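I open a new page in the notebook for this protein and go through the structure one topic at a time. The entries follow in the order in which I looked things up.

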Amino acid sequence: TNIVWHKSSVGKLHRQELLQQKGCVIWITGLSGSGKSTLACALCQALYSRGKLTYILDGDNVRHGLNRDLSFKAEDRAENIRRIGEVAKLFADAGLICIASVISPYRRDRDACRTLLPEGDFIEVFMDVPLQICESRDPKGLYKLARAGKIKGFTGIDDPYEPPLNCELVLPQKGNNYASPCEMAETVISFLEEKGFLQA
Ligand SMILES: Nc1ncnc2c1ncn2[C@@H]1O[C@H](COP(=O)(O)OS(=O)(=O)O)[C@@H](OP(=O)(O)O)[C@H]1O
Ligand SMILES: Nc1ncnc2c1ncn2[C@@H]1O[C@H](COP(=O)(O)OP(=O)(O)O)[C@@H](O)[C@H]1O
């Protein structure tokens with residue numbers, strides 16, 4: 001109540017014209033260790049080389065600041081995703097290609113972020129990597145701690161992960177199980193090109 005939207009004379013279309021790209025959100029979801037952050041960085045680098053402006057919202061990083069007050073219980077994960085979705089929406093409105101790399105284990109929370117954006121501007125990428133592989137990578141040793149009962153409520157071990165039912169991209173693509181992060185980034189970039197996001 002008593003809050004009125006204030007419009008600026010410089011809008012999203014002007015910013016997109018300036019940047020020669022269209023603002024959107026690439027939402028990378030998957031288990032810990034599935035390669036979300038690696039893909040986000042490869043994508044950021046490949047787009048930077050093409051002169052395109054991106055910004056990464058990585059779960060781990062955002063939890064150091066904006067979301068430092070949140071735990072990993074379901075309602076805090078929901079709030080984590082809600083805030084990241086709102087920030088991603090602002091970045092997309094700024095004309096950037098915003099890359100969110102977050103476990104985002106609940107379908108409902110991801111779908112809520114999708115509804116914040118215009119149709120087609122939310123690109124959900126599912127890192128379809130089996131738990132066994134994620135666990136064997138275990139770069140931070142968190143699966144080991146979770147198996148030892150030293151971390152409770154770890155996604156995939158004793159906390160749920162709901163895979164997308166209908167997302168824009170599933171990686172690695174069928175028949176290409178050993179795709180490198182760069183190859184995966186190129187798959188995403190082909191999608192962006194095809195949909196016209198890499199021009200104003
Ligand atoms: N209980 C539990 N479950 C899952 N992950 C955990 C947990 N505790 C800490 N971590 C570390 O936090 C990173 C995930 O943060 P996110 O913000 O992406 O998680 S979520 O979307 O809110 O579920 C995750 O990073 P990634 O490995 O990059 O996914 C972990 O390093
Ligand atoms: N395409 C890939 N092929 C093989 N290993 C990968 C690939 N992508 C990431 N990795 C490795 O898997 C581990 C987890 O990757 P990371 O990006 O940190 O995952 P997440 O952000 O989902 O937790 C890292 O050690 C990384 O080097």
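**Entry 1: contacts and overall form.** Before counting anything I fix the term: two residues are in contact when heavy atoms lie within 4.5 Å of each other. I also note that I am working from a predicted model. With that meaning of contact, I find that residues 24 or more positions apart account for 75% of the contacts in the protein that have a separation of 6 or more. I then looked up the extent of the C-alpha trace, which spans about 55 × 50 × 30 Å along its principal axes. For 200 residues a compact globule would have a radius of gyration near 16 Å, and the protein, at 17 Å, agrees with that. Of the 200 residues, 43% count as buried.

**Entry 2: elements and their order.** I find 8 helices and 5 strands in the secondary structure, and reading from the N terminus I write the order of elements as α-β-α-β-α-α-β-α-β-α-α-β-α.

**Entry 3: the sheet.** In which order do the 5 strands stand in the sheet? I read β2-β3-β1-β4-β5, in an open sheet with parallel pairing. The edges are held by β2 (54–58) and β5 (169–171), and because each has a single partner strand, one side of each is left without a neighbour in the sheet. From one strand to the next the twist averages 20 degrees. At the β5 edge, I note that β4 (residues 122–127) pairs with β5 in the parallel sense over 3 bridges, and that F126 has V170 in β5 as its bridge partner.

**Entry 4: helices on the sheet.** I looked at two helices here. Helix α2 (residues 36–49) lies across β1 (24–29), β2, β3 (97–101), β4 and β5, and runs at about 165 degrees to β3. Helix α8 (residues 181–194) also packs on the sheet, where it touches β1, β4 and β5, and its direction makes about 170 degrees with that of β5.

**Entry 5: C98 in strand β3.** Is C98 buried or exposed? C98, which is found in strand β3, has a relative accessibility of 0% and therefore counts as buried. Leaving aside neighbours within four places in sequence, I list C24, V25, I26, Y55, L57, A88 and F91 as the residues in contact with C98. For a distance along the chain I took C98 and K12, which are 86 residues apart in sequence and 14 Å apart in space, C-alpha to C-alpha.

**Entry 6: aromatic pairs.** The structure holds 4 aromatic pairs, and I wrote up two of them. Y55 and F91 form a stacked pair, with 5.0 Å centre to centre and 20 degrees between the planes. Since Y55 lies in strand β2 and F91 in helix α4 (residues 74–93), the pair ties together parts that are 36 residues apart in sequence. Y55 counts as partly exposed at 43% relative accessibility, and F91 is partly exposed with a relative accessible area of 24%.

The rings of Y143 and F154 have their centres 5.0 Å apart and their planes at 75 degrees, so I enter this pair as edge-to-face. Y143 belongs to helix α7 (residues 142–147) and F154 to the loop between α7 and β5, 11 residues apart. Y143 counts as buried at 1% relative accessibility, and F154 is buried with a relative accessible area of 10%.

I add a further ring to this entry, that of F72, over whose face R63 lies at 3.8 Å from the ring centre.

**Entry 7: backbone geometry.** Most residues other than glycine have a negative phi, and most peptide bonds are trans, so I looked up the departures from both. The peptide bond from L171 to P172 is cis, with omega near -5 degrees, and P172 sits in the loop between β5 and α8.

Where does N2, with its positive phi, lie? I find N2 in the segment before α1 (12–19), with a phi of about 60 degrees although it is not a glycine. S104, likewise not a glycine, has a positive phi of about 40 degrees and lies in the loop between β3 and α5 (107–115). I note the surroundings of both: N2 counts as exposed at 80% relative accessibility, whereas S104 is buried with a relative accessible area of 2%.

Definitions and conventions
Residues are numbered from 1 along each chain as its sequence is written. Chains are lettered from A and ligands numbered from 1 in the order in which they are written. This is a predicted model: local features need pLDDT of at least 70, side-chain atom pairs count only at pLDDT 80 or more; totals for chains, interfaces and linings use all residues. Side-chain values use heavy atoms; hydrogens and water are left out. Two strands pair if DSSP finds at least two bridges between them. Helices (H or I, at least four residues) and strands (E, at least two) are DSSP runs, numbered from the N terminus. Axes are lines fitted to C-alpha atoms, for helices over the stretch in contact, and angles run from 0 to 180 degrees between N-to-C directions. Rings of Phe, Tyr and Trp (its six-membered ring) pair if their centres lie within 6.5 Å; planes under 30 degrees apart count as stacked, over 60 as edge-to-face and the rest as tilted. Buried means under 20% relative accessible area, exposed over 50%, partly exposed in between (1.4 Å probe, protein chains only). A charge sits over a ring if NZ of Lys or CZ of Arg is within 6 Å of the ring centre and within 35 degrees of the ring normal. The radius of gyration is taken over C-alpha atoms; the globule rule is 2.2 Å times the number of residues to the power 0.38.
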